[in-house]
Amino acid sequence: MQTTKFREARLPWYTIYPAVSEFSGAVGAEAYEEWLRNLPADDPVSLYLHVPFCRSACWYCGFPTTITRRDAPILNYLAALRDEIRLVSERVPKTLPVSDIHFGGGTPSLMGPAEFLALMEFLRCRFAISKTATVAIEIDPRTLTPEMAEGLGAAGVNRASLGVQSFDPIVQKAINRIQSEAQTSAAVEVLRRHGVSRINFDLIYGLPRQTVESCVETVRAAVAMRPDRLALFGYSHIPSQVKNQRLIEAEFLPDSAARAEQYAAVAVTLIAAGYRQIGLDHFALPDDELALAQETGRLRRNSLGYSADTCRTLIGFGASAIGRIGQGYVQNEVTRDSYIQHIAAGRLATSKGHRLTDDDRVRAAIIERLMCDFEADVPTDDDRVRAAIIERLMCDFEADVPAICVAHGSDPIRLRDSAERLAMLAKDGIVDFENGFVRVRREHRFGIRAVAAAFDVFRDGVTYIPQQLNAMQSTT
């Protein structure tokens, strides 16, 4: 088997399997329309709405966004978003029940309170949104107004995810995101005052000029605001693909050992503050939904990361939005103009996707379980074997590969390629692998994506740097 060097930025995050890079135009609007028409009428679904606008560019950001100081482009886009909601709702069997809604970006909180309230009302006209539904939105504290916070509460939003990244002013200047602790604290306070009681923070390590000390200070400041959960992401520097990252001073980026030390220090600080580590990169208070889902084996990993959402269907709206239906994945046109053109013509904006095979589903489930919690049900459909393995890896850090295969009516011999790759990882002390049971050693959980890649049929081989993984300390 050919082995190459592991580079963290080049491996998928395995929020979904196969990764978006494997999507193709072979799955388009016609396939998506057929899948929508065949949805089970009574199964709850989740909705994701992508609003790709920001007021200024953060140099580290790799998401497709439009920088605008004007509201007109946002209003035009929201009109297209409403039209897409109508097009999709007309193609499903009946008014679908909804248990989770997530507004992502960009900065979806840039829309005005009236526009947001109208959009939520339109969703309620087209879908049967549960009274207990989780309604979440991503927020930039620098642009949140008291009026918008009030509007979010009135619209039924009950969870907000605030971008923090780092409170170190030196790091903030290096990534073009100046955001004070006072701004963030004020945003948290006004959101809670209007009933948006569940708060998430996003943090990043591996940024230019970032140190272990500044990471820990950021965490201490964040913990003082007592968010319910925090997501800790590693910065991936790929300026060849993300133009704004070319403004980052690459010579000031921490090396692999320093990144590992930053991750470990943040994790230790959060755990000492009473947060529980959830899978690879999330931390939650004991009474948060993620922690409870981990305890009960309901933790999932989907395109939004770790989630307590157990819906099998995710319908994505907006430019570049990804959806999942039982038959596979779909993604809308990435550029805003192309997306709007398709919707204006009265057709779905699906540009590419992936029809899941039996093998895909088994590998995906194994990877997901390895990266989530420690007890979880595995689908019993034969079509979910690789999916089941990937799911277990990403949720549990362990997986009984033969047992999962048997449960799905699949022959474990089909995963012979994965066994060969796992044997290499076991030889280097990254995993324990015996009789088909794989467990990631606690001190190497930071490198879980390299283990998950062993089950990824689209990767040429397991790739990692042993000395990099060996430098990573246990965080639990």
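**Rings, sulfurs and backbone in a predicted model**

Tutor: Start at the N terminus. Over residues 1-9, pLDDT stays under 50, and the model gives this stretch 27 contacts beyond four places in sequence. This is a predicted model.

Student: Where else does pLDDT stay under 50?

Tutor: Over residues 461-476, where the model has 53 contacts beyond four places in sequence. For the whole protein chain, the mean pLDDT is 87, and 89% of residues reach 70 or more.

Student: What makes up the fold?

Tutor: The protein chain has 16 helices and 19 strands. Of its 476 residues, 57% are buried. Take the contacts with a separation of 6 or more: 73% of them join residues 24 or more positions apart.

Student: How many aromatic pairs does the structure hold?

Tutor: Seven.

Student: Why is the pair of Tyr 77 and Tyr 339 called tilted?

Tutor: The ring centres are 5.7 Å apart, and the limit for a pair is 6.5 Å. The planes meet at 40°. Stacked needs under 30 degrees and edge-to-face over 60. The angle fits neither, so the pair is tilted.

Student: What does this pair tie together?

Tutor: Tyr 77 is in helix 2 (residues 72-89) and Tyr 339 in helix 10 (residues 336-344), so the pair links parts 262 residues apart in sequence. Ring pairs also join Phe 53, Tyr 77 and Tyr 339 into a cluster.

Student: How do you know whether Tyr 77 is buried or exposed?

Tutor: Its relative accessible area is 0%. Buried means under 20%, so Tyr 77 is buried. Tyr 339 also comes out at 0% and is buried.

Student: What makes the pair of Tyr 205 and Tyr 263 edge-to-face?

Tutor: The angle between the planes is 65°, and edge-to-face means over 60. The distance is 5.7 Å centre to centre. Tyr 205 lies in strand 7 (residues 198-205) and Tyr 263 in helix 8 (residues 256-272), so parts 58 residues apart in sequence are tied together. Tyr 205 is buried at 3% relative accessible area, and Tyr 263 is buried at 4%.

Student: Which ring does the charged end of Arg 82 sit over?

Tutor: The ring of Phe 122, at 4.5 Å from its centre. Arg 301 lies over the face of Tyr 306, 4.4 Å from the ring centre.

Student: How many disulfides does the structure hold?

Tutor: Zero.

Student: Why does Cys 58 have no bond to the sulfur of Cys 61?

Tutor: A disulfide needs the sulfur atoms within 2.5 Å. The closest cysteine sulfur to that of Cys 58 is in Cys 61, at 6.5 Å, so it is too far for a bond. Cys 61 is in no disulfide either; its nearest cysteine sulfur is that of Cys 54, 6.4 Å away.

Student: Which peptide bond is cis at Pro 18?

Tutor: The one that joins Tyr 17 and Pro 18, with omega about -5°. Pro 18 falls in the segment before helix 1 (29-37). The bond from Gly 105 to Gly 106 is also cis, with omega near 10°. Gly 106 sits in the loop between strand 4 (97-105) and helix 3 (113-126).

Student: What is the phi of Arg 209?

Tutor: Near 65°, a positive value in a residue other than glycine. Arg 209 is in the loop between strand 7 and helix 7 (212-224).

Student: Why is Arg 209 called partly exposed?

Tutor: Its relative accessibility is 34%. Buried is under 20% and exposed over 50%. Arg 209 lies in between, so it counts as partly exposed.

Definitions and conventions:
Residues numbered from 1 in each chain as written. Predicted model: local features only at pLDDT ≥ 70, side-chain atom pairs only at ≥ 80, totals over all residues. Heavy atoms only, no water. Helix = DSSP H or I, 4+ residues; strand = E, 2+ residues; numbered from the N terminus. Buried < 20%, exposed > 50% of the residue type's maximum accessible area, 1.4 Å probe, protein only. Contact = heavy atoms within 4.5 Å. pLDDT = per-residue confidence, 0-100. Phe/Tyr/Trp six-rings, centres within 6.5 Å; stacked < 30°, edge-to-face > 60°. Lys NZ or Arg CZ within 6 Å of the ring centre and 35° of its normal.
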